[in-house]
Amino acid sequence: MKSSDNTIDTAATDSAWNSFWFGRSIAELSLACRSLAMVRIGLAVIAFWYFASHWSDVAFWFAGDGILSAEALGVFLADADLGDTVQWRLSPLYWIDSPTLLRGYLLVGMLLAIAMPLVRSTRAVTVALWLSVVWLANRSMIIGGLEEVTLAWGLAYLAIAPVQTPFSDPAGGTAAWTTTLARRLMQIHLSIVFLVTGLAMLSSLAWWDGTGVMAVVSPIEIRYFDFTETLRSPLVHESLSHGIVLGAIALPALLWIGSTRAAGFCLAILWCVGLAILSSQWMHFLGLAMLSLSFFPEKFADRLFSRTDR
Amino acid sequence: MARKKIAESRRAASGGSQSLAPSSTEATADANVQQDALPVMPSTLVMRIVSALLMVHVAVIAVAYLAVVRSSGVQGRLVDGFAPYLATFHLAPEGNAADAVAADGVAFFLARGDGAERVYRLQVASGAKPEESQWYPARWVVEGGSERARRYQRFLAAVADLGANDQNALAGRLMLPTLQRDTDADWVRIVRLPNLMTNVVQDAEPAPYTAAVLRDGGEIRLVRVAQPRLTSAATP
């Protein structure tokens, strides 16, 4: 990286940067295509689930006489002097108050989710699905959570890349570098989420004294499974608490170092699925699990797809 | 079949072009990889523009995530400055997101796990001032571990948070539409359920929001009912 006169070789630095973001080899591009195709299928399922989960209550929340109707929400935000804070949560759904139209919107969203991995001729379906999710997320003020954020950024990066199946040949032309770019953005964003989650856990004493996982499972009224008895032993819940924090902090490093990527990938899936089961935050953590497929290890891909090709 | 095509495309791409620099951590020992060639890259101008945008994007996302638990002045200004980008496209959680901060302001960001996380229940009662046994859960609230139920919890948490901070008018604003649907309710309150991680003092805390429902024809008004709060004299 350094030239003979001890100055930074800018061409080499430039090249490493460009190789990282825009692609370096056909083999890497092939891996990016396969991993993004798997992410696309996973996020399509979660996006479908997201729209379907709104089906029963969309009129209850957002219709003209709904709890969070545009009018009621507007008065609340004006009274609370929050107008400036939320002014950028833009969505055309603020102008829709008919229950039929709101359900029609959800139906379109579900159809787009089904179509996204299937329609390979254009990125338009992915862009449309991304905007549909973002608009519903922006409309879901007060009742929205982390699952919308995960879905929104995942779909935003997917919209950059061309649509391919895990068995497609690497795309040529501009499609090649946009595939690598989309995968890199997804990997970086996911690493930030893991790292900040781990660091943020350390801001709570529960994760230091080993009771963090008990705090996760304790509100049993809003959990699918009751693990309070299973985890009652201090050895079990303390080990699990420390493991969860350590996992979150170590995951970015494990995923980026080539020699530990396979172990990191398995740990990431285990971490996400484990927390999904413990916390019942299914959509958020399973979304992260799907996005972890952007780190799908090359040796797994070779084994999986070469076996399928035969 | 697909693998054969990929192998052919690799050969086609590698023919007559420069070979790959083998410095990446992702390079494998596979002999095929060593023969790989560079795929089509964008022009230098495009790469420079995209690189500049990437640096800004990644920096803003990192700062926005790091600012959720508790932001410094610099972080806050940066996130506010990029709000049109972050909020419009829903790219990062907000600092005051319901999943990020518990009712008493303790952060448990991104992965739950703080004793402050509580389950809220909306209860209503009819008639004159109700006894404890006369309160019953509102029928329209969905409970359980589903995403759907979680939205009701966030809504109740928002009202309870306002009530606990004596923002009665704002809490009432959110509650009014719910009471137009429940015509039998003369009283409404939101209680926090105890759990394994809560202590005696937390369990004894009064309901964060209790109100009487005054109906006059089609109009409804809510009057906050003050609840006795724990004082130093009341604690053991």
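Over which residues of chain A does pLDDT stay under 50? This is a predicted model, and that's a handy thing to check before looking at anything else. The stretch is residues 1-8 of chain A, where the model still has eight contacts beyond four places in sequence. Don't lean on those contacts: where pLDDT is low, the predicted coordinates should not be read in detail. Chain A as a whole averages a pLDDT of 88, and 92% of its residues score at least 70.

Now scroll along chain A to helix 8, which takes in residues 146-158. You can check its length on the back of an envelope. Helix 8 of chain A has 13 residues, and at 1.5 Å a residue that should give a span of 18 Å; the end C-alpha atoms sit 19 Å apart, so the two figures agree. As for its surroundings, helix 8 of chain A is mostly covered, with 13 of its 13 residues buried.

Over to chain B. Its secondary structure adds up to eight helices and five strands. If you walk along the sequence of chain B, the order is α-α-α-α-α-β-β-α-α-β-α-β-β. Chain B is also split into domain 1, covering 44-88, and domain 2, covering 119-224. Put a marker at the C-alpha centre of each of these two domains of chain B and the markers end up 38 Å apart.

How much of chain B is buried? Of its 236 residues, 33% are. Finally, take the contacts in chain B between residues at least 6 apart in sequence: 49% of them join residues at least 24 apart.

Notes
Residues numbered from 1 in each chain as written. Chains lettered and ligands numbered in written order. Predicted model: local features only at pLDDT ≥ 70, side-chain atom pairs only at ≥ 80, totals over all residues. Domains from an automatic or database assignment. Helix = DSSP H or I, 4+ residues; strand = E, 2+ residues; numbered from the N terminus. Expected span 1.5 Å × (residues − 1). Buried ≥ 20, exposed ≤ 12 C-beta atoms within 10 Å, placed from the backbone. pLDDT = per-residue confidence, 0-100. Contact = placed C-beta atoms within 7 Å.
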